[in-house]
Amino acid sequence: VALRDLAHFPEVYADATVATVGTVARIGGRANPLFVLEGGGGGARIVLEPAARAASELRRHVRVSGLFTVSFQLGYEILISRITPVGSL
């Protein structure tokens, strides 16, 4: 699924297992940073949970698969089941 589609049509993918590609970025302060998947044009940004799994891939272009959810606190997020650098198996 294109990252921009997840951001623009979340109701289609809510509570579904998805796979998408983007770059892991860090936002927020030092105490409680969030790790997000960015890319796809239009400022698409999806929170990645758990943060510890995403942190090791900071600034890398990755493929992420997991459960796509909508959180009132965090917005759109993917509960990671697998995260790998693009080009890896």
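Start with the whole chain in view: at 89 residues, a compact globule would be expected to have a radius of gyration near 12 Å, and this protein comes in at 12 Å, so the two agree. Keep in mind as you rotate that this is a predicted model. Turn it along its principal axes and the C-alpha trace spans about 30 × 30 × 25 Å.

Next, switch to cartoon and colour by secondary structure. You should find 3 helices and 5 strands. Walk from the N terminus and the order of elements reads α-α-β-β-β-α-β-β.

Now colour by pLDDT. The protein averages 89, and 94% of the residues score at least 70. Select residues 3-8 and you have helix α1, where confidence is lowest, at a mean of 89. Then select residues 16-27: that's strand β1, where confidence is highest, at 95.

Time to look inside. Which share of the 89 residues is buried? Buried residues make up 34% of them. Display the contacts next, keeping those with a separation of 6 or more: residues 24 or more positions apart account for 50% of these.

Put a surface on the protein and about 5,200 Å² is exposed. Colour that surface by element, and carbon and sulfur atoms turn out to supply 53% of it.

For the last stop, select Lys and Arg in one colour, Asp and Glu in another. The protein has 9 positive and 7 negative charges. How far apart are the mean positions of the two sets? The answer is 12 Å.

Notes. Residues numbered from 1 in each chain as written. Predicted model: local features only at pLDDT ≥ 70, side-chain atom pairs only at ≥ 80, totals over all residues. Heavy atoms only, no water. pLDDT = per-residue confidence, 0-100. Helix = DSSP H or I, 4+ residues; strand = E, 2+ residues; numbered from the N terminus. Rg over C-alpha atoms; globule rule 2.2 N^0.38 Å. Buried < 20%, exposed > 50% of the residue type's maximum accessible area, 1.4 Å probe, protein only. Contact = heavy atoms within 4.5 Å. Areas by Shrake-Rupley, 256 points an atom, 1.4 Å probe, with all protein chains shown as cover. Charge placed at Lys NZ, Arg CZ, Asp CG, Glu CD.
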